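Hi,

Here is the structure I promised to pass on. Have a look at it first, and then read on for what turned up when I went through it.

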Amino acid sequence: MKDDHTLSFDEFDETVNPRSEHCEFDTVVEQAISRRGFLGGVLAVGGFATLGGAVLPTGVKAAVNRFAFDAVPVSTSDSISVPAGYKAEVVVRWADAMWSDSVAFDQDTRGTAKTQARTFGDNTDGMEVFMHEGRTLLTINNEYTNRSIIWGNRADAKPENDDDIEKGLLAHGVTVVEIGHDGDRWGVVIDSPFNRRITPNTEMILTGPAAGHALVKTDADPAGITTLGTWNNCGSGKTPWGTYLACEENFNGYFSAEDENHEVSAELKRYGVSASDWGYSWAKIDDRFDVAKNPNEPNRVGYVVEIDPRDANSTPKKRTALGRFKHENAECVVNNDGRLVIYMGDDERGEFLYRYVSDGVYAAGIDTDALMENGTIFAAKFHDTGAGEWLALTPETTGMTQAEICVHTRIAASKVGATTMDRPEWVTANPNSSELYCALTNNKNRGLKTNKGGDETPVGGPNPREKNKYGQIVRWTPMNDDHTSAEFKWDLYVLAGNPKVHSDDKAGSENVNLGNMFNSPDGLAFDSTGQLWIQTDGKYSNEGDFEGQGNNQMLAGDPVTGEIRRFLVGPREAEVTGLCWSGDRKTMFVGIQHPGERGNSNWPDGGNTVPRSAIIAVTRDDGGLVG
Ligand code: FEO
Ligand code: CA
Ligand code: CA
């Protein structure tokens, strides 16, 4: 909800909370990666020094992936492009009906708080399919709203009354919706007992080390256990026991204070909380969001929230043991010894990559709460040699209590000297090996500015380019295929770039070419065959540094050969985010978020209609598998 749509969330955040310019980048040697890259020099990038100690990921056990489609050309049209022999159809849009009492979307008013409460949320993001009793339950994050869209009927696209503000609030959260296929296409099962809207007002509980701690107590909840709602849920995760993980990201932008000069604590500043919100105006209708009146309220958000989509009456649980930061997604892996390991990125410039390791082991049928409550958080440190280590965040290493570590996780990670990253987005695990991939979407501050905690952001390691505009994907393999090991080996899978306008390191790695180039990788997911899917949330100007890259897109990557091929292009001014498959893998569900965020789209309905974020179903004309 930025006033200026040309700014990213981070950029907008900086206008509210300017960062120190200090960074001794002039002492940083221009060092970088290449390191032979992997499997035959895919990453040999012109202009990069080749460092010794090249490290190949281990554990690639099986992997023959041939792309089952022809590459899709770049596009700037207001439509979805998929390969020949495939089709894409809308499954559910923002404000679509879920119950028989839902009111149909009104193009003129764009709905009310009452109609929004009983319809699909806005801006779809992370998403998972759950097969339950033969039904297909989609669980989907509704990350945020765009002022110009949700209040596009109002003067200056600003809320005119409390109902406008509440409509925006209720468009956030998570939606569980049963979908069905009628032999022709997918659609919402109206009145399914599983249909549910989880909003910023839904009661949930805090669990784990921070639950009940003084830092999370408020006047409304003196016990520090019961909290209301979740918002700005970005990526997702799925536990081995069939629950959904919604990941709270830019939670800070919703807090404000009546006194615009109100100073928040240093701990809140680290998370970007300030007296000014990002235009949502929630504090005008609920004191919870007034940080002067309720300074602990922001400590109750920024977590991973576990939701059981199989029970519409279940109480979501905020898992403080997994730490508090701007969570992107939560990739769960069951280690060889049964312990649960969860990989998580903190999507902000110069923040960290994390791992959680449970104390206990997972086995079918056990009480899984303890696995998400008792464990250790680690932050990643990358060395230029291709080695890496996980640094435990414990009272001994940080001087903080376990509860403080879980609330002020960024501060704990700074204390142990973790590597500042180029905005870690989704992490995904290769089903054919023990390797993990993480999208580092971009970072215009790399080499120039510290993060909000004052940590330097030197050029090097997996963040090899100053003022990184295009992003990269880092991957790593735990030592001995043990996800709880303190050590790992890493390399870069791809360095995005633009070979049309650059011939230096900004051209990208060798697996980037004129036919597949892209910027700002964000969503990542492996399909069951071991093919990597890459979704972008980047610049779509198609000009200057981004000439020839068109709208945001989705590509497939072969983890072994490094080949990357474009599969889908989204409509104008949209981000492609969220990816999962039907139980029979014949349908791929893809999220299309914020089409027309700058006013130049009428997708999906065309004409003069309001653009609406939506889930699409991608299928093959021959009925074959899609991943
Ligand atoms: Fe919500 Fe990091 O993207
Ligand atoms: Ca994202
Ligand atoms: Ca992004």
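Before the metal sites, one cut-off: an N, O or S atom counts as a donor to calcium if it is within 3.2 Å, and water is not among the atoms, so a site may look incomplete. Keep in mind too that this is a predicted model.

**The two calcium ions**

Let me start with the calcium ion (ligand 2). Its protein donors are Glu328 (OE), Glu425 (OE) and Asp522, which is listed twice through OD, and they lie 2.3 to 3.0 Å from the ion. Along the chain, these donors follow the spacing E-x96-E-x96-D. Glu328 sits in the loop between strand E12 (317-319) and strand E13 (331-334), while Glu425 belongs to strand E18, so this pair ties together parts that are 97 residues apart in sequence. Both Glu328 and Glu425 are buried.

The calcium ion (ligand 3) is 3.9 Å from the calcium ion (ligand 2), and Glu425 coordinates both. For the calcium ion (ligand 3), the coordinating residues are Glu425 (OE), Asp522 (OD) and Asp537 (OD), at 2.4 to 2.5 Å. The spacing here reads E-x96-D-x14-D. Glu425 is in strand E18 (residues 424-429) and Asp537 is in the loop between strand E23 (532-536) and strand E24 (553-557), so that pair ties together parts 112 residues apart in sequence.

How buried or exposed are those two? Glu425 has a relative accessibility of 1% and counts as buried, whereas Asp537 is partly exposed at 25%.

**The sheet around E22 and E23**

E23, the strand just before the Asp537 loop, is part of an open sheet of four strands. The order is E22-E23-E24-E25, and the pairing is antiparallel. Strand E22 (521-526) and strand E25 (564-569) are at the edges with a single partner strand each, so one side of each has no neighbour in the sheet. From one strand to the next, the twist averages 25 degrees.

If you want to check the register, E22 and E23 are joined by four bridges in the antiparallel sense. Leu524 has Ile534 in E23 as its bridge partner.

**The largest pocket**

The largest pocket holds about 800 Å³ of space. It is lined by 38 residues, and the closest to its centre are Glu128, Lys238, Glu331, Thr428 and Phe526. Which strands supply at least two residues of the lining each? They are strand E2 (124-132), strand E9 (233-238), E13, E18, E22 and strand E26 (575-581). By class, the lining has 17 nonpolar, 16 polar and five charged residues.

Glu331 deserves a click. It is found in strand E13 and is buried, with a relative accessible area of 18%. Its C-alpha is 8.4 Å from that of Thr239, although Glu331 and Thr239 are 92 residues apart in sequence.

E9, which also contributes to the pocket lining, is mostly covered, with five of its six residues buried. E9 pairs with strand E10 (residues 244-248) in the antiparallel sense over four bridges, and Asn233 has Glu248 in E10 as its bridge partner. The two strands form a hairpin with five residues between them, and Gly242 in the turn has a positive phi of about 85 degrees.

**Backbone oddments**

Three spots to look at while you have the model open:

- The peptide bond from Trp603 to Pro604 is cis, with omega near 5 degrees. Pro604 is in the loop between strand E27 (587-593) and strand E28 (614-620).
- Arg110 is not a glycine, yet its phi is positive, near 60 degrees. Arg110 lies in the loop between strand E1 (86-93) and helix H2 (113-117), and it is buried, with a relative accessible area of 15%.
- Asn480 also has a positive phi without being a glycine, at about 60 degrees. Asn480 is in the loop between strand E20 (472-478) and strand E21 (487-495), and it is exposed, with a relative accessible area of 67%.

Over to you, and best wishes.

Key. Residues are numbered from 1 along each chain as its sequence is written. Chains are lettered from A and ligands numbered from 1 in the order in which they are written. This is a predicted model: local features need pLDDT of at least 70, side-chain atom pairs count only at pLDDT 80 or more; totals for chains, interfaces and linings use all residues. Side-chain values use heavy atoms; hydrogens and water are left out. Donors are N, O and S atoms within 2.8 Å of the metal (3.2 Å for Na, K and Ca); water is not among the atoms, so sites may look incomplete. Buried means under 20% relative accessible area, exposed over 50%, partly exposed in between (1.4 Å probe, protein chains only). Two strands pair if DSSP finds at least two bridges between them. Axes are lines fitted to C-alpha atoms, for helices over the stretch in contact, and angles run from 0 to 180 degrees between N-to-C directions. On a 1 Å grid over the protein atoms alone, a cavity is a set of points where a 1.4 Å probe fits but cannot get out, and a pocket is an open set with protein on both sides within 12 Å along at least five of seven lines; lining residues have an atom within 4 Å of a point. Grid points are joined across faces, edges and corners, and a volume is the space filled by probe spheres set on the points. Ala, Val, Leu, Ile, Met, Phe, Trp, Tyr, Cys and Pro count as nonpolar, Asp, Glu, Lys and Arg as charged, and the others, Gly among them, as polar.
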